[in-house]
Amino acid sequence: MKIVVCIKQVPDTAGGVVFNPDGTLNRAAMLTIMNPDDKAGLEAALRIKDEKDDVEVTVLTMGLPKAEDVLREAMAMGADKGILVTDRVLGGADTWATSTTIAGALRNIDYDLIITGRQAIDGDTAQVGPQIAEHLGLPVISYAQDIKVEGDSVIVQRQYQDRYHVLKAKMPCLITALSELNEPRYMSPGGIWDAYDKEITTWGRADLKDVDDSNIGLNGSPTKIAKASDKVRKGAGEKFVPADPTEGATIIVDKLKEKHVI
C-alpha cells in the first residue's frame, strides 16, 4: 500500500509575521513549523504503516528550498521518502495554483491513499485538499477525526458539528485530516540520523505533469491580495452598566449561554 501525505512548512506565528510589498508572506524571513493538521495526517499514515505490512509513506511538499527541513522532520518521524516541489515560477500561488501544482506532482507517483491536512494555519481556507482531489478525479472525505483501512477501502469518521458521520470510500481517494485526529509522535534519535542520510527528491516546473503555465504561481492565481497586515483591529464590543452585582452576573451568564459556552 502506498500513502502520500501532503505537508506544508508554515510560519511559526510565535516568531512574528513578515510580509512582502505585494502582500504575500515573506516565508524566507520567518521561523517555520510543520502545519499541525498535516502533522496529524502524517501520524495517521504512520499508524497505518505500523499496523499493516508493505506500507510505504511518502511525504510531499511545495515551497522554498528550506522546506526540505519539514520533509526531513517527517522522515525522522517514520516516513520513507520525501519529495520537494520548488521553483521560482511557483511562488505566490493561491489555493488554486497550489493545488494545481501539487496535483501535477502527484501524477508522477503511484498511490492508494492521499492524506492532507484540513487547512494550513497561514491561510485557513481548507481548499487545497479538496481541490487536489478534484484535479485528480478522486473521491474526497474531509474533516477526518478517525481513519481505518479495510481491504481496498477506507472508513472515516468525519467530524460534523456535535457529532460525526461514518463514510466509506474505495481507494484511491483523498482524506483531509484534523489536528484533533491524534497526538503525533516525536522524532526518534535514530530516525533523525536516518532522515539526514536519506536523499530528498526535488522537482521543479518541468517535472509537473499535465499542468498549464497559466494555472501556476502568482500569475496563475485568481485570488489577489488587496491588503495584508498582522494587526487585527478589535471592536469595542458590547458594554453594560448593571444596577447591582446580581444583574451583572445574570448578564454574563446569559451571554455565555448565547455563545454555547455553558
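Five bridges join β6 to strand β10 (residues 173-177), and the two run parallel. That's our way into this predicted model, where local features need pLDDT of at least 70, side-chain atom pairs count only at pLDDT 80 or more, and totals for chains, interfaces and linings use all residues. Residues are numbered from 1 along each chain as its sequence is written, and side-chain values use heavy atoms, with hydrogens and water left out.

**Exercise 1. Place β6 among its neighbours and work out how covered it is.**

Step 1: get the vocabulary straight. Helices (H or I, at least four residues) and strands (E, at least two) are DSSP runs, numbered from the N terminus. Two strands pair if DSSP finds at least two bridges between them.

Step 2: look at the β10 side. I114 has L174 as its bridge partner in β10.

Step 3: now the β1 side. β1 and β6 pair in the parallel sense over four bridges, with C6 standing opposite T116 in β6.

Step 4: check burial, meaning under 20% relative accessible area, with exposed over 50% and partly exposed in between (1.4 Å probe, protein chains only). Five of the five residues of β6 are buried, so the strand is mostly covered. L113, I115 and G117 point one way, I114 and T116 the other, and all are buried.

**Exercise 2. Follow the chain from β4 to β5 and give the handedness of the crossover.**

Step 1: start with β4 itself. Six of the seven residues of strand β4 (residues 56-62) are buried, so the rest of the structure largely encloses this strand.

Step 2: find what flanks β4. Strand β1 (residues 2-6) pairs with β4 in the parallel sense over five bridges, and V5 is the residue opposite V59.

Step 3: do the same for strand β5 (residues 81-85). β4 and β5 pair in the parallel sense over five bridges, and T61 has L84 as its bridge partner in β5.

Step 4: trace the connection. The chain goes from β4 through helix α2 (residues 68-77) to β5, and this β-α-β crossover is right-handed. Right-handed here says that, with the strands pointing away from the viewer, the path from the first strand over the helix to the second runs clockwise.

Step 5: stop at G63, in the loop between β4 and α2. G63 is partly exposed, with a relative accessible area of 26%. Not counting residues up to four places away in sequence, G63 touches L84, V85 and T86, where contact means heavy atoms within 4.5 Å.

**Exercise 3. Decide what C6 and C173 are doing about disulfides.**

Step 1: recall the chemistry. A disulfide is a covalent bond between the sulfur atoms of two cysteines.

Step 2: apply the cut-off, a pair of cysteine sulfur atoms within 2.5 Å. The count comes to zero disulfides.

Step 3: see how far off the candidates are. C6 is in no disulfide, and the nearest cysteine sulfur, that of C173, is 13 Å away. Go from the C173 end and you land on C6, again at 13 Å.

Step 4: add accessibility. C6 counts as buried at 6% relative accessibility, and C173 does too at 0%.

**Exercise 4. Describe the surroundings of R118.**

Step 1: locate R118. This arginine lies in the loop between β6 (113-117) and α4 (128-136).

Step 2: buried or exposed? R118 is buried, with a relative accessible area of 19%.

Step 3: list the contacts. Leaving aside neighbours within four places in sequence, R118 is in contact with D37, A126, Y143, T176, A177, L178 and S179.

Step 4: pick out the polar one. The side chains of R118 and D37 are joined by a polar contact of 3.0 Å; the criterion is a pair of N or O atoms within 3.5 Å, where within protein one must be able to donate a hydrogen and the other to accept it, and residues adjacent in sequence count only if both atoms are side-chain atoms.

Step 5: look at the helix on the D37 side. D37 is among the buried residues of α1, along with others including D38, A40 and L42.

Step 6: finish on α4. Its buried residues are G129, Q131, I132, A133 and L136, and they pack against α3 (95-106), β6, β7 (140-150) and β10. Just after α4, G137 takes a positive phi of about 70°.
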